[in-house]
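Here are some notes for a first look at this structure. Please read them with the model open beside you.

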Amino acid sequence: MAKNKRQGRAAPESVVEPVDGGLAELIPDRDRPRAWTLLLDGAPQSHVDLDDPRHLDFEYQRRLGHVADLVAPLPQPLQVLHLGGGAFTLARYVAATRPRSTQQIVEIDGPLVQLVRRALPLDPAARIRVRSADARAGLAKIPDGWADLVIADVFSGARTPAHLTSGEFLADVRRALKPGGWYAANLADGPPLAHLRAQIATAATVFPELALAADPTVFRGRRFGNAVLVASAVPLPVAELTRRIAGDPHPGRVEHGRALADFTGGAVAVTDASAAPSPAPPPGVFR
C-alpha cells in the first residue's frame, strides 16, 4: 500500500456520501496533510485545513477573510452569522483569528452538517452553533442588532436560491446587524452579469455603503466566476480592502462609489415578487 511519506502512514482517502443537496465529496489535499476540499455534485464548495484554519485556499474565501479581518480590529471577538455552512471554513477562520467570538451557522442540509461534523470536526472550544434550517428562516430568528458580520454563501445546485436575492431578505439582514455591522455575500455570475448588477442595485436600496470585489475578468464579463459584495450602513475601509485583495495570489479588483454605480448601470432592484435564482454555471466551469 502506498504511504504518505510526510505522515508515515496511508494517505487519506476521499469520503463520498449522499446528502440532501446531492453527492458530497471530501477530497484530501495532497499538499497539506489535514486539508480537504468539499464538493457537491462536482462543484467545489469549501476548502478546510484542520491544522491551519487561518489558511484560506479559494479566492472568494480569501476575500471574505479580508472582510472578516477588517470589520473590527484584530483580535477583537465578533458575533458572526453565517448563512450557508459548507465545511464551516469561514467560521473556523474567525474562531482562529478572533478567539472568544460567538458564531452561528445556518445550513439547510442536515446530512451535510452531520458529515462535516464527523469528518472535519470543529474545535470544541470554539463558540460555534450550527443550526439545520433554511437561511432566511434562520435569519428571522436572530435578534435585532445582534451581528457584527453576516456572511451569505448559500448555493443550491450551484445557484443562490431566489428568496435570498431580494430586498426584503437584505432588509432582514440589516435588522440583524449592529448599527456598524457589515454584510458580505458570495455571488456567482457570468456574462452579461445581469444577476450581479441586479444584486448591487438591490443592496443599494438597503445599505448606503457598498463595495464589490472580483477577478478583473469577471468584472469585464469575460468568464463566469465569484464576486464578493460588501455592504454596511457605515463607511467601509475600501482602500485597505483594495490593497489586501490586490495582494492575493490571484489578485482581485474592488469597485465602489461612482465606479460601482456605473458598473451597475440601470439594473432594477430585486423584490420577493421578482426574485429568481442566480444563473447556473456553464458546463465544464469547474473542470
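How many nonpolar, polar and charged residues are in the lining of the second largest cavity? The points below work towards the answer.

1. Start with the whole. This is a predicted model. The protein has nine helices and 14 strands. Its C-alpha trace spans about 60 × 40 × 35 Å along the principal axes. A compact globule with 287 residues would have a radius of gyration near 19 Å, and the protein has 18 Å, so the two agree.

2. Next, one pair of helices. Helix α1 covers residues 59-70, helix α8 covers residues 238-246, and their axes come within 10 Å. They cross at roughly 145 degrees. The crossing is right-handed. On the α1 side, the contact is made by R63, H66, V67, D69 and L70. On the α8 side, E240, L241, R244 and I245 take part. By class, this contact has four nonpolar residues, one polar and four charged.

3. Now the largest pocket. Its volume is about 690 Å³. The lining has 43 residues, and L40, Q45, V154, F155 and S156 lie nearest the centre. Five elements are listed as giving two or more residues to this lining: β5 (35-40), β6 (43-49), α1, α2 (89-97) and β8 (102-106). Helix α1, which packs against α8, is thus also named here. The lining divides into 24 nonpolar, 13 polar and six charged residues.

4. Turn to the enclosed spaces. There are two cavities of 30 Å³ or more. The largest has a volume of about 110 Å³. It is lined by 15 residues, with A152, L164, Y183, A185 and L187 the closest to its centre. Both α5 (167-176) and β11 (177-189) supply at least two lining residues. Strand β11 gives the most, with four. The classes here are 11 nonpolar, three polar and one charged.

5. Last, the second largest cavity. About 40 Å³ of space lies in it. Its lining is made of H47, V48, D49, P53, H55, T89 and R92. Both β6 and α2 supply at least two of these residues. Strand β6 gives the most, with three. Both elements also appear in the lining of the largest pocket.

6. Back to the opening question. The lining of the second largest cavity has two nonpolar, three polar and two charged residues.

Notes: Residues numbered from 1 in each chain as written. Predicted model: local features only at pLDDT ≥ 70, side-chain atom pairs only at ≥ 80, totals over all residues. Heavy atoms only, no water. Axes fitted to C-alpha atoms, helices over the stretch in contact; angles between N-to-C directions. Left-handed = near helix turned anticlockwise from the far one by under 90°. Contact = heavy atoms within 4.5 Å. Nonpolar A, V, L, I, M, F, W, Y, C, P; charged D, E, K, R; others polar. 1 Å grid on protein atoms, 1.4 Å probe; cavity = no way out; pocket = protein on both sides within 12 Å on 5 of 7 lines; lining within 4 Å. Points joined across faces, edges and corners; volume = space filled by probe spheres on them. Rg over C-alpha atoms; globule rule 2.2 N^0.38 Å.
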